[in-house]
Each structure stands twice: as C-alpha cells, then as structure tokens.
Amino acid sequence: MNNIFGREQKLKGKKTISEIFNGPKNSVNSFPFRAFYLISKSDKAIAKFGISVPKKKFRRAVDRNRIKRLVKESIRLNNSELNQLLRNKRFTIKVMIVCNSKEMPNYSLVDVKIKEIINRLSSVVNVYEEK
C-alpha cells in the first residue's frame, strides 16, 4: 500500500481547477466539506485532489493551513481504495474539496468526513459511464 500524497496527486493549475467549477456541477457533500469533481477517461488513472479553505471564514493563515494539512493527511491515509478502483476502470478523477465550516474542525471529524467523501466518490466512479 503506497500511502503518499505527492506531486502527481495534487490538483494544480488555474485551467484545471476552472474546468471543475465551470463544467457540470458534480459535487458530494459531507459537512463541513463539499467536494466538486470531474471524471474523465485516461491511461494514467489517478485521483487528483485540491483543497480550498476560504479566507472569509478563516481569517488567519495558520488556521487555513492547519485545515489543509488535516485534510491532506486524511486523503493520504484513505485514498488507496479509490486509486485502485480508478486503475481498474481507467478513469481519472479531479476533486476540489472546499471547507464550509466557520469553526476549526478536529482531526477525528476531518478523517470521518473525508472517508465518507472518498467512499461516495468511489460509488460515483463505479456507476460512471463515459459519455
């Protein structure tokens, strides 16, 4: 089991991120997080994640960065099942996770909610058919 959150798993680039938000609005909710995603057919099947914490809700950069670290750690530990499914189906999924809470979440809450989001994304990939 390869538990890393490396460069190839990070969602980067303004163009890539805008594709997620400008395309069809596919999302999965698990309060305090909302995950917007875009699925496509690809030989390099992998899940790419981006994390956004709005400045409007968390004024201090220290708080925003802490939430991002907690989410990244939870993704790192829980996304191996999703990546295996994507390799079998030959899909790539790009996911942008947005934090909607006004209060600082603790790690146990983040872990449970990110697991729930990843499980829902796995079920979406299972039923997804290329159009």
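Modeller: A salt bridge is a side-chain nitrogen of Lys or Arg within 4 Å of a carboxyl oxygen of Asp or Glu. The structure discussed here is a predicted model.

Colleague: How many salt bridges does a search of the whole structure find?

Modeller: The search covers the whole structure and applies the definition just given. The number of salt bridges found is four.

Colleague: Which residue forms a salt bridge with E73?

Modeller: E73 lies in helix α2, and its partner lies in that helix as well, three residues apart, about one turn of the helix. The closest N and O atoms of the pair are 2.7 Å apart, and this distance counts because the cut-off is 4 Å. The partner of E73 is R76.

Colleague: Are E73 and R76 buried, partly exposed or exposed?

Modeller: A residue is buried under 20% relative accessible area and exposed over 50%, with partly exposed in between. E73 has a relative accessible area of 31%, and R76 has one of 24%. Both values fall between the two cut-offs, so E73 and R76 are partly exposed.

Colleague: Which residue meets K115 in a salt bridge, and is that residue buried or exposed?

Modeller: The N to O distance in this salt bridge is 3.5 Å. The two residues are four residues apart in helix α4 (residues 107-127), so about one helical turn separates them. K115 is partly exposed at 37%, whereas its partner has 14% relative accessibility and therefore counts as buried. The partner is D111.

Colleague: What residue joins its side chain to that of D111 in a polar contact?

Modeller: The polar contact has a length of 3.0 Å. The residue in question has its place in helix α2 (residues 61-78), and at 18% relative accessibility it counts as buried. The residue is N78.

Colleague: Where do R120 and E116 lie, and what separates them?

Modeller: Their side chains meet in a salt bridge of 2.7 Å, N to O. R120 is partly exposed with a relative accessible area of 35%, and E116 counts as partly exposed at 26%. Both residues lie in helix α4, and because they are four residues apart, what separates them is about one helical turn.

Colleague: Which residues gather in a patch of positive charge on the surface?

Modeller: One of them is found in the segment before α1 (14-22); this residue, R7, counts as exposed because its relative accessibility is 67%. The patch as a whole is made up of R7, K10, K12, R66, R69 and K72.

Colleague: With which side chain does the side chain of R87 make a polar contact?

Modeller: R87 is found in helix α3 (residues 80-89) and is partly exposed, with a relative accessible area of 46%. T16 is 71 residues from R87 along the chain, and the C-alpha atoms of these two residues are separated by 21 Å. The polar contact of R87 has a length of 3.2 Å, and its partner is the side chain of Q84.

Colleague: What is the value of phi near R90, and where does R90 lie?

Modeller: R90 lies in the loop between α3 and β4 (91-99). R90 is partly exposed, with a relative accessible area of 46%. Phi is positive here although R90 is a residue other than glycine, and its value is near 60 degrees.

Colleague: Is the peptide bond from F31 to P32 cis or trans?

Modeller: P32 is found in the loop between β1 (27-30) and β2 (33-41). The omega angle of the bond from F31 to P32 is near 15 degrees, and the bond is cis.

Notes
Residues numbered from 1 in each chain as written. Predicted model: local features only at pLDDT ≥ 70, side-chain atom pairs only at ≥ 80, totals over all residues. Heavy atoms only, no water. Patch = residues over 30% accessible without salt bridge, like charges linked within 9 Å, V, L, I, M, F, W, Y side chains within 5 Å. Areas by Shrake-Rupley, 256 points an atom, 1.4 Å probe, with all protein chains shown as cover. Lys, Arg positive; Asp, Glu negative; His and termini not counted. Charge placed at Lys NZ, Arg CZ, Asp CG, Glu CD. Buried < 20%, exposed > 50% of the residue type's maximum accessible area, 1.4 Å probe, protein only. Polar contact = N/O pair within 3.5 Å; in protein donor to acceptor, adjacent residues only side chain to side chain.
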